[in-house]
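This report concerns a predicted model. Its subjects are charged side-chain pairs, the nonpolar core, one helix with the loop after it, and model confidence.

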Amino acid sequence: MNAGPSILVLTSLSNGPKHGYAIMEDIERFSGLRLGPGTLYGAITRLEQRKWIVPVASKDRRKPYKLTPTGAAHLKDQLGMFARVVNTATKRLKYA
């Protein structure tokens, strides 16, 4: 799994359900990265297969998704790993 787009999607959904375009806009707002539709929907498909996100009912044609408890736990684990990497890199850069 390509962790980058998947982590971005999970992060976007961590504050509530969103449909694809809203996820794309949110990711660009908080990260400065714009995911193309293929990248976004590929990540959504993988996350849905892993049961880390699920679709929610909608009254229009848009298909919103929400984070599952398992997806939230995975995101927390990944954020802990990223924090360890950032801390290690920050310390090591002092000597570079």
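## Salt-bridge network

K18, D26 and R29 are linked in a network of salt bridges, a salt bridge being a side-chain nitrogen of Lys or Arg within 4 Å of a carboxyl oxygen of Asp or Glu. Within this network, the side chains of K18 and D26 meet at 3.9 Å, N to O, and those of D26 and R29 at 3.8 Å, N to O. D26 and R29 lie three residues apart in helix α2 (residues 20-31), so about one helical turn separates them. Helices (H or I, at least four residues) and strands (E, at least two) are DSSP runs, numbered from the N terminus.

The members of the network differ in accessibility, for which buried means under 20% relative accessible area, exposed over 50%, and partly exposed in between (1.4 Å probe, protein chains only). K18 is buried, at 13%, and D26 is buried, also at 13%. R29, in contrast, is exposed because its relative accessible area is 64%.

## A further charged pair

Side chains of opposite charge can pair when their charged atoms come close. R34 and E25 form another salt bridge, with an N to O distance of 2.7 Å. R34 is partly exposed, with a relative accessible area of 43%, and E25 is likewise partly exposed, at 23%. The count of salt bridges by the stated rule comes to four.

## Nonpolar core

A nonpolar core is a set of buried Ala, Val, Leu, Ile, Met, Phe, Trp, Tyr and Cys residues joined through side-chain atoms within 4.5 Å. The largest such core has 18 residues, and those with the most contacts inside it are V9, L10, L13, I23, L40, I44 and I53. Two or more residues come from each of α1 (3-13), α2, α3 and β2 (65-67). The largest share, five residues, is that of α1.

L13 is in contact (heavy atoms within 4.5 Å) with K18, I23, I53, Y65, K66 and L67, when residues up to four places away in sequence are not counted.

## Helix α3 and the loop after it

Helix α3 (residues 37-49) has 13 residues and should span 18 Å at 1.5 Å a residue; its end C-alpha atoms are 18 Å apart, which agrees. The expected span is 1.5 Å times one less than the number of residues in the helix. The buried residues of α3 are L40, G42, A43, I44 and L47.

R50 belongs to the loop between α3 and β1 (53-55). At 37% relative accessibility, R50 is partly exposed. Its C-alpha atom is 21 Å from that of A22, and the two residues are 28 apart in sequence. Just after α3, K51 takes a positive phi of about 65 degrees.

## Confidence and conventions

The mean pLDDT (the predictor's confidence in each residue, from 0 to 100) of the protein is 93, and 97% of its residues reach 70 or more. Among the elements, α1 has the lowest mean pLDDT, 93, and β2 the highest, 98. Where pLDDT is low, the predicted coordinates should not be read in detail.

Residues are numbered from 1 along each chain as its sequence is written, and side-chain values use heavy atoms, with hydrogens and water left out. For this predicted model, local features need pLDDT of at least 70 and side-chain atom pairs count only at pLDDT 80 or more, whereas totals for chains, interfaces and linings use all residues.
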